[in-house]
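Trainee: Could you show me how to read a pair of packed helices and an exposed loop residue?
Mentor: Happily; let's open the structure.

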There are 2 protein chains.
Amino acid sequence: MRTLTSESLNPAILKVEYAVRGELAIRAEKYRNDLKKPNHGLPFDRVISSNIGNPQQKGLDQPPLTFTRQIAALTEYPELLKTGRDLFPKDVVSRAEELLEEIGSIGAYTHSQGVPLIRRSVADFISKRDGHPSNPEHIFLTAGASAGVSLLLSMLISSPKSGILIPIPQYPLYTATLAQFSGAPVPYYLDESSGWSTSPPAVEAAIEKALKEGIEPKALVVINPGNPTGALLSEETQRALVQLCEKYSIALLADEVYQANLHAPHTHPFTSFKRVVRDLQSPIALFSFHSISKGVSGECGRRGGYFECTNVPDEIVKLIYKMVSVGLCPAVSGQIGVDSLVRPPKEGDESYPLWLKETRTIHDALAARTKTMAARLNALPGMSCVDSPGALYLFPKLVLPEGALKAAHEAGKTPDTFYALALLDRTGICVVPGDGFGQRDGESHYRLTCLCAGVDEYVGALENFHNDFMKKYGGV
Amino acid sequence: MRTLTSESLNPAILKVEYAVRGELAIRAEKYRNDLKKPNHGLPFDRVISSNIGNPQQKGLDQPPLTFTRQIAALTEYPELLKTGRDLFPKDVVSRAEELLEEIGSIGAYTHSQGVPLIRRSVADFISKRDGHPSNPEHIFLTAGASAGVSLLLSMLISSPKSGILIPIPQYPLYTATLAQFSGAPVPYYLDESSGWSTSPPAVEAAIEKALKEGIEPKALVVINPGNPTGALLSEETQRALVQLCEKYSIALLADEVYQANLHAPHTHPFTSFKRVVRDLQSPIALFSFHSISKGVSGECGRRGGYFECTNVPDEIVKLIYKMVSVGLCPAVSGQIGVDSLVRPPKEGDESYPLWLKETRTIHDALAARTKTMAARLNALPGMSCVDSPGALYLFPKLVLPEGALKAAHEAGKTPDTFYALALLDRTGICVVPGDGFGQRDGESHYRLTCLCAGVDEYVGALENFHNDFMKKYGGV
């Protein structure tokens with residue numbers, strides 16, 4: 001018999017790339033296992049996974065919110081409402097009882113679109129945030145934002161000529177999903193020199209170029225706050241983007257999973273695209289994504305999130321329902337996580353003081369680390385770095401010496417992969433090379449998270465490595 | 001601007017059908033909401049969702065296993081290991097501590113393939129079950145079996161000429177996924193007259209027919225125990241199917257999610273395809289699926305499961321890893337559910353007596369209900385029913401009177417949909433018409449679960465409805 005080979009598989013699969021869990025992450029995993037052996041011979045004693053926005057990962061320091069976890073425990077094991085009731089604050093107990101009353105057992109499938117009560121909570125959250133109504137029937141709870149993005153792209157791509165506008169640099173979920181479903185990526189470039197800003201004329205130029213090439217633009221993806229850039233869009237830019245979608249009849253996919261990760265909310269606030277679309281009374285179809293994985297929640301492992309459909313005709317909402325129903329329902333623990341995200345304790349609730357303390361600590365730590373890291377990386381020779389006002393990342397630019405470019409070429413690696421591998425080999429710090437996100441030809445970047453505690457020691461290791469690397473390859 | 005319409009979407013999406021959550025389920029949901037109003041005017045006071053194998057659904061009677069939920073609560077909120085330690089059995093405490101030691105926070109992303117410790121637990125379970133070794137590196141934890149099936153079909157379908165052999169009747173996940181990824185379903189018919197048995201010559205005839213039509217058969221899907229049929233394959237049949245896969249170089253997808261739902265294990269035992277493949281030393285590529293949603297676990301809402309790759313080349317395993325990494329990881333609560341499934345309490349553990357009592361009660365209730373329901377449905381005029389030895393369902397055949405066929409035609413419905421809608425309207429019992437699973441032309445069936453407590457009252461309602469329906473349309 002013939003053996004199953006990759007040649008016999010769906011050729012689109014072979015084109016999928018996802019750098020966040022790619023070569024670097026696989027080598028990091030190997031080192032993590034090697035470190036368990038005595039005499040491992042590695043020049044570091046732990047691997048730090050700065051490649052992925054995973055706040056609660058072992059070795060990082062973002063603890064879960066007590067409120068979220070208490071509700072989770074009570075809904076998992078309702079017997080505790082009898083035997084251990086006194087161990088929980090009153091508001092937590094009543095929230096758990098309310099959820100159990102609605103859901104019954106969390107071991108049961110829910111409505112495929114998500115528990116109705118929780119969708120109503122999400123709609124309340126959105127309408128309070130934006131000052132515009134939100135309809136629970138137009139909200140889909142998902143297994144994280146990724147699942148929703150993947151589903152909607154798979155629906156929007158009707159042929160290899162279907163174009164999806166994506167920022168460069170972008171979170172590689174988009175290029176991976178476009179490769180999987182054989183859509184045409186239509187890149188628009190963000191401007192590093194102005195803090196990774198988005199230029200509506202550049203987006204329009206990308207649309208016009210695509211149209212000339214016979215590509216039909218179907219959707220514009222905007223990530224706000226940006227990933228990997230951490231940039232925040234101005235409302236003026238948002239309005240211009242909505243108007244472009246209107247002009248070209250393009251749907252807007254607003255990836256807003258970092259909306260609660262704001263380091264300078266007074267100078268760089270977050271405005272949802274839902275608000276902008278409604279303020280403008282624009283008829284464009286908008287899909288807005290949010291997640292429990294980021295923000296102060298950081299509950300990546302629960303796989304919870306949602307998307308809201310705005311101006312999406314009922315027949316399409318019904319089709320989306322049909323598609324999600326094949327997958328039955330998102331994990332209920334993730335759905336309950338969404339409820340805790342959008343209905344945190346209120347002032348006066350027994351849980352409130354602890355919740356406030358915990359969330360402030362997380363916000364402050366992330367903002368302080370981001371600032372320190374940006375400042376110190378910026379001070380290094382051959383490195384420059386936008387001081388991100390949002391999200392969890394920095395995306396420094398590298399200007400590497402000729403010797404390094406030559407050595408990378410000889411090793412068969414892009415310069416940023418070569419740099420990132422050397423960094424991992426020396427320090428145990430795993431980052432993602434810029435080519436995984438996209439960048440201008442000839443440029444080099446890498447993305448690292450700002451989640452590691454002990455920022456002095458951490459940046460110190462980055463600095464030492466970088467200085468030695470530059471010295472070795474003749475850069476200083 | 002042009003509005004987003006279904007015509008502009010991926011045309012494959014429009015072809016997807018998933019009857020389990022289709023027209024009937026949507027009407028049932030409406031009735032469930034109507035019942036909350038006073039003076040609802042409905043002739044029943046509750047909706048019974050017999051359309052879906054959802055054991056812990058409100059109103060049904062399969063409780064969660066205490067062991068599973070205690071571990072879930074402790075891993076959700078580890079503080080309980082201090083404040084409420086005495087509320088939990090010792091083996092539960094030590095299991096939770098072991099899992100937390102490995103995982104850290106369950107709010108963190110795990111390895112995309114699943115937590116290594118849990119994959120080792122799964123491999124132990126498989127090797128004990130089959131008497132053949134199992135490699136944790138070849139196991140992928142998934143968000144239920146559906147997610148794994150969908151992923152693998154999306155990889156195996158390389159063109160619209162890629163054929164996937166599916167049983168008829170089948171669980172509609174398969175036809176839905178084939179429609180979504182534009183593969184060619186190659187049906188093989190199960191034989192109702194011999195207890196829904198699978199005939200290897202019929203499978204081979206289906207392969208030959210496909211080949212003549214220019215279809216390239218890529219995989220054979222076998223559901224064992226069957227869904228919707230509840231049939232169990234004999235080892236002889238399994239061997240013959242493996243040999244067919246070998247002869248035609250076809251991968252085998254073994255959907256074994258009902259392996260623990262056996263009502264007559266002495267006469268109808270379960271043998272895994274992994275065992276058969278290894279016993280035969282066959283080189284065929286086998287993907288075996290299991291889930292925490294069924295069996296005595298019944299934890300549908302957690303979305304947990306796994307698949308094992310047997311004889312799958314490393315390059316393909318790496319591609320699968322790449323694809324699952326884009327989705328980051330399965331929900332950790334589902335992964336922990338898998339651990340509880342494959343590592344239940346052992347004799348001597350503090351949890352064991354309760355676990356044994358709970359699991360026996362579930363097994364006994366399901367077996368008794370299935371037997372009673374099959375016997376009583378079989379006694380009805382115009383209805384016959386294989387007494388399923390496994391899974392959660394019955395799939396009775398209807399021979400409807402001419403008057404009913406005519407009325408169905410006039411209503412624009414298939415006869416079984418017409419019947420099922422009438423049943424729902426009268427009794428509140430929601431079942432799935434046979435055309436959702438596939439059946440021979442001109443036949444009518446429906447699938448109902450055997451999960452509803454109070455079997456006398458439940459079957460009584462079915463009987464009354466059926467007798468009146470037959471009378472109304474001249475069948476008796």
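Mentor: We will go through a helix pair, then a loop residue, then an annotated domain. This is a predicted model, in which local features need pLDDT of at least 70, side-chain atom pairs count only at pLDDT 80 or more, and totals for chains, interfaces and linings use all residues. Residues are numbered from 1 along each chain as its sequence is written, chains are lettered from A and ligands numbered from 1 in the order in which they are written, and side-chain values use heavy atoms, leaving out hydrogens and water.

Trainee: At what angle do helix α16 and helix α17 of chain B pack?
Mentor: Two packed helices are described by the angle between their axes and the distance between the axes. Here α16 (residues 415–427) and α17 (residues 455–472) of chain B pack at about 125 degrees, with axes 10 Å apart. Axes are lines fitted to C-alpha atoms over the stretch in contact, and angles run from 0 to 180 degrees between N-to-C directions. That makes α16(B) oblique to α17(B), oblique being whatever is left after under 35 degrees (roughly parallel), over 145 (roughly antiparallel) and 65 to 115 (roughly perpendicular).

Trainee: Where does A:G442 lie?
Mentor: A:G442 sits in the loop between β13 (432–433) and β14 (444–449) of chain A; strands are DSSP runs of E, at least two residues, and helices runs of H or I, at least four. With 84% relative accessibility, A:G442 counts as exposed (over 50%; buried is under 20%, partly exposed in between, with a 1.4 Å probe and protein chains only). From A:F88, A:G442 is 354 residues away in sequence and 56 Å in space, C-alpha to C-alpha.

Trainee: How much of residues 89–457 of chain A is helix?
Mentor: That stretch is 44% helix and 16% strand, its end C-alpha atoms 38 Å apart.
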